[in-house]
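I opened my notebook to look up where the ligand sits and what lies around it. My entries follow in the order I made them.

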Amino acid sequence: MPRFRNIVILTGAGLSAESGLSTFRDPNGLWAKYDWREVATPQGFAKNPTMVHDFYNMRRRAHATIKPNAAHIALATLEARHPNVTVVTQNVDALHEAAGTRNLIHMHGEALKVFCRQCDARHTWVDDLSVETPCPACRETGAMRPDVVWFGEMPYHMERIGQLLGRCDLFISIGTSGNVYPAAGFVAVAREAGAHTVELNLEPSSGATLFAEAIYGPATEIVPAYVERILRDTVSA
Ligand code: APR
């Protein structure tokens, strides 16, 4: 019997940093360059949709050159060799999918998805979006927006995430500063459920003291090493 039967992994921007994507709150992060109120809120979009489209067009274009790193690949390997692993990501990039992770929940939406506010049709989208882009479904222009959860909006799949946290026995948080709820509260829910809780990060997050175990360093080093350890426990069990 493997030591851990139900594993939930929360990931944040630090997981994709070594793939070349900016984090948000590091000194040279996105929120040091952009005002999140202008580019990541419904109010900002209403006030200046072109500025918001430009911000997400830049992040969507980055997908043409980025690749999953050793940490993404280690998580996909874990899922392939352990019966019950779910990744809940705050990231809107598509690097978990590119690495092979299937059991994946994008709680903050996806940079490569858009939706129409007129007809609610959802589309995969790799090109630029503008206020002139017609919705492929209803042909309305000016109604398309990134399918990314903005501040003040409800993250996706929260009921399913709550169920997974309530029955996990291992909760691993990777590459997140623990500043944004509800994700920052997941560790407390997992502890409540009796799970072993682990933080893998470059440095202690805001919620560091809530974790039973912590390993610090670059994700491409500490994540593959930790996955190795779990798989050794699983195989030897
Ligand atoms: N390896 C591991 N961790 C790293 C690395 C790395 N190479 N580089 C940075 N980190 C860590 C930082 O130390 C920091 O704790 O990743 C974390 C990134 O924190 P944030 O920039 O705050 O990103 P995140 O926690 O994912 O933000 C959560 O906030 O703005 C919203 O919606 C946005 O999903 C995002 C949410």
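Before I start on the ligand, I note one definition: helices here are DSSP runs of H or I with at least four residues, numbered from the N terminus. I also keep in mind that this is a predicted model.

**Entry 1: the shell**

I looked up which residues surround the ligand. There are 23 of them. Ala13, Phe24, Arg25, Thr176 and Ser177 are the closest. I then asked which element gives the largest share of the shell. It is helix α1, residues 13-17, with three residues. Next I sorted the shell by class. I found nine nonpolar residues, 10 polar ones and four charged ones.

**Entry 2: polar contacts with the ligand**

I took a pair of N or O atoms within 3.5 Å as a polar contact. Ala13 uses a backbone N or O atom, which lies 2.8 Å from an oxygen atom of the ligand. Phe24 also uses a backbone N or O atom, and here the distance to a ligand oxygen atom is 2.7 Å. Glu18 uses its side chain instead: one of its N or O atoms there is 3.0 Å from a nitrogen atom of the ligand. I then checked how much of the ligand is covered. On its own the ligand has 740 Å² of accessible area, and the protein covers 94% of that.

**Entry 3: two domains**

I looked up how the protein is divided. Domain 1 is 1-20 + 67-108 + 155-237. Domain 2 is 22-65 + 112-148. Why does the ligand lie between them? Both domains give residues to the shell around the ligand, so it lies between the two.

I went on to the domains themselves. Their centres, taken over C-alpha atoms, are 26 Å apart. On the domain 1 side, 14 residues are in contact with 13 residues of domain 2. Together the two domains bury about 880 Å² between them. Carbon and sulfur atoms hold 56% of that area. I noted three names on the domain 1 side: Ala13, Val92 and Tyr156. They supply 43% of the area that domain 1 buries against domain 2, more than any other three residues.

**Entry 4: two backbone details**

I looked for unusual backbone angles last. The peptide bond from Tyr181 to Pro182 is cis, with omega near 5°. I found Pro182 in the loop between β7 (170-174) and α9 (186-192). Arg139 is not a glycine, yet its phi is positive, near 70°. Arg139 is in a loop too, between β5 (122-124) and β6 (144-148).

Terms used. Residues numbered from 1 in each chain as written. Predicted model: local features only at pLDDT ≥ 70, side-chain atom pairs only at ≥ 80, totals over all residues. Heavy atoms only, no water. Near = heavy atom within 4 Å. Polar contact = N/O pair within 3.5 Å; in protein donor to acceptor, adjacent residues only side chain to side chain. Areas by Shrake-Rupley, 256 points an atom, 1.4 Å probe, with all protein chains shown as cover. Helix = DSSP H or I, 4+ residues; strand = E, 2+ residues; numbered from the N terminus. Nonpolar A, V, L, I, M, F, W, Y, C, P; charged D, E, K, R; others polar. Domains from an automatic or database assignment. Contact = heavy atoms within 4.5 Å. Buried area = accessible area lost by both parts, 1.4 Å probe.
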